[in-house]
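Let's take a walk through this structure together, one region at a time. Have your viewer ready, and follow along as we go.

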Amino acid sequence: MSTLGTIAAIATAIVPAQGSVGIVRLSGLEAVAIARTLFHVPGNQIWASHRILYGYVRHPGTDQVVDEALLLLMLAPRSYTREDVVEFHCHGGIMAVQQVLQLCLEQGAQLAQPGEFTLRAFLNGRLDLTQAESITDLVGARSPQAAQTALAGLQGKLAQPIRQLRAKCLDILAEVEARIDFEEDLPPLHEAEIQRHLELVLVEMSHLLATADQGELLRSGLKVAIVGRPNVGKSSLLNAWSRSDRAIVTDLPGTTRDVVESQLVVGGIPIQVLDTAGIRDTDDKVEKIGVERSRLAAQNADLVLLTIDAQTGWTDGDQAIYEQVKDRPLILVFNKIDLLDSLSIPLLPTPHSLLPSAKTAAALNQGIDDLEAAILTIVQSGRLQAANLDIAINQRQAAALTRAKAALQQVQGTIADQLPLDFWTIDLRSAIQAFGEILGEDVTESVLDRIFSRFCIGK
């Protein structure tokens with residue numbers, strides 16, 4: 001289907017004194033006409049699809065040159081939106097692209113809404129909905145593995161199994177409806193064979209649903225809180241891990257008064273590391289606020305690194321902190337091992353000795369690999385696993401897939417209860433509709449608005 005109206009937007013980030021190129025993108029029936037009005041091409045350059053033209057953007061009223069630029073033409077249907085698409089490749093920064101965009105709007109283009117270019121690509125059949133969602137995942141990827149997973153979705157690797165599952169359900173529905181309409185002309189339905197096909201579909205759906213948490217981990221990352229008593233080396237650990245001086249380090253306990261944050265990538269997983277104030281009883285009003293924030297950060301973290309002074313060993317203070325965070329995934333980090341005569345760690349009371357642990361000497365930048373290995377081990381041993389993840393469904397897709405699974409399980413119950421075939425078709429249709437929602441073949445306008453509102457303008 002074609003979409004009315006020509007839209008325009010700046011398709012690159014605009015930052016003062018940064019970025020060598022800024023792109024203004026147009027899509028629609030009038031895109032080329034607007035470009036011809038604004039763009040002066042010297043010499044005998046040919047206006048043809050997928051050609052780059054050199055020239056000047058000029059104000060059509062005053063003939064004043066706004067920018068020296070390149071023009072890229074991509075005529076329908078060989079474009080991102082399957083409409084005529086034009087891109088002005090201007091000088092970077094703020095003024096050039098904003099002036100060119102304003103000229104496009106004055107010539108009749110409408111300012112694009114967030115995600116409207118991709119929405120048109122979807123509406124015009126160039127992308128299905130899983131591919132469209134993968135684009136925003138790719139743009140927002142915070143690690144190489146997240147980018148690879150998003151790229152797999154963009155290439156259709158997520159849509160393919162969904163289409164296959166939907167096709168199998170359609171085949172089953174066709175068999176059932178054929179028996180309803182032509183019962184006397186066809187042999188009886190083989191219920192055991194239908195059950196077998198349903199079970200295979202449900203197994204495959206379970207595999208897809210298992211990727212939801214994994215995908216969320218890659219997209220959103222892991223929030224890790226470093227907690228412990230004052231002066232056990234939490235800030236030194238953050239600095240060594242992030243290879244920067246993010247946190248102030250002194251020999252005085254209580255130096256960190258607030259939560260300090262750093263962004264890292266470990267094993268392809270984005271990690272938000274929070275260095276917290278030392279947890280202890282204190283009469284200092286400012287430090288007390290920091291301690292409360294530390295406790296809150298620990299409770300909201302996906303993983304807690306309980307840091308212990310290896311030279312001092314386990315103390316009552318460590319035990320008190322452990323009692324506050326023991327319900328969270330936990331790794332014991334024995335810091336300052338460089339101050340020990342040997343690498344032996346004082347024995348901990350049960351059950352603490354069963355917890356995963358790592359040995360570090362943060363002041364010497366030692367033990368970080370050991371710590372990262374412990375993190376990846378605990379992540380991969382739990383319900384979240386990002387290693388070797390090819391495709392991953394998002395929350396919207398998981399919700400639709402869960403509805404489809406429940407519907408097919410209801411079909412199994414209907415068969416077991418020996419109910420008439422008409423009852424089978426009700427839930428089969430519900431499952432097929434849910435698969436269609438994932439692909440965008442049966443989706444409401446409100447759902448589309450919600451999905452594409454999360455896109456950046458110009459994409």
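Which residue in β10 stands opposite Leu222? The partner is Ile271. Keep in mind as we look around that this is a predicted model.

Leu222 is a good way into strand β8, which spans residues 222–228. This strand is mostly covered, with 6 of its 7 residues buried. On one hand, β8 runs parallel to strand β10 (residues 269–275), and 5 bridges join the two. On the other hand, 5 bridges also link β8 to strand β11 (residues 303–309), again in a parallel arrangement. If you would like a landmark for that second pairing, pick Ala225, whose bridge partner in β11 is Val304.

From β11 we can step across to Lys336, which sits in the loop between β12 (330–335) and β13 (357–359). Beyond residues up to four places away in sequence, Lys336 touches Asp309 and Ala310, and its other contacts include Asn231, Val232 and Gly233. Thr360 and Ala361 are also among the residues Lys336 touches. With Asn231 there is a polar detail to inspect: the side chain of Lys336 reaches the backbone oxygen of Asn231 at 2.7 Å.

Now let's turn to another sheet. Here 7 strands form an open sheet with mixed pairing, in the order β3-β4-β5-β6-β2-β1-β7. Its edges are β3 (39–40) and β7 (110–111); each has a single partner strand, so one side of each is left without a neighbour in the sheet. Strand β1 (residues 7–10) runs parallel to β7, and 2 bridges join them. Within that pair, Ala8 stands opposite Leu111 in β7. Packed on this sheet is helix α3 (residues 116–123), which touches β1, β2 and β7. The direction of α3 makes about 135 degrees with that of β1.

How enclosed is α3? Of its 8 residues, 6 are buried, so the helix is largely enclosed by the rest of the structure. The buried ones are Glu116, Phe117, Thr118, Arg120, Ala121 and Phe122. Their cover includes the strands β1, β2 and β7, together with the helices α4 (129–139), α14 (421–439) and α15. Just after α3, look for Gly125, which takes a positive phi of about 85 degrees.

The same neighbourhood brings us to some annotated residues. In an unreviewed UniProt entry, the annotation "binding site" covers Arg25, Glu87, Arg126 and Lys459. Arg25 lies in strand β2 (residues 21–27), and Arg25 counts as buried because its relative accessible area is 14%, below the 20% cut-off. Setting aside neighbours within four places in sequence, the contacts of Arg25 include Ala8, Glu87, Phe117 and Lys459. Lys459 itself is placed in the segment after α15 (445–452). With a relative accessible area of 25%, Lys459 is partly exposed. Outside its sequence neighbours within four places, Lys459 is in contact with Arg25, and also with Glu116, Phe117 and Thr118, among others.

Let's finish with the cysteines. How many disulfides are there? The count comes to 0. Two cysteines give you a sense of their surroundings: Cys169 counts as buried at 0% relative accessibility, whereas Cys456 is partly exposed, with a relative accessible area of 41%.

Key. Residues are numbered from 1 along each chain as its sequence is written. This is a predicted model: local features need pLDDT of at least 70, side-chain atom pairs count only at pLDDT 80 or more; totals for chains, interfaces and linings use all residues. Side-chain values use heavy atoms; hydrogens and water are left out. UniProt positions are given in the numbering used here, feature names are shortened, and annotations may be inferred rather than shown by experiment. Helices (H or I, at least four residues) and strands (E, at least two) are DSSP runs, numbered from the N terminus. Buried means under 20% relative accessible area, exposed over 50%, partly exposed in between (1.4 Å probe, protein chains only). Contact means heavy atoms within 4.5 Å. A disulfide is a pair of cysteine sulfur atoms within 2.5 Å. Two strands pair if DSSP finds at least two bridges between them. Axes are lines fitted to C-alpha atoms, for helices over the stretch in contact, and angles run from 0 to 180 degrees between N-to-C directions. A polar contact is a pair of N or O atoms within 3.5 Å; within protein, one must be able to donate a hydrogen and the other to accept it, and residues adjacent in sequence count only if both atoms are side-chain atoms.
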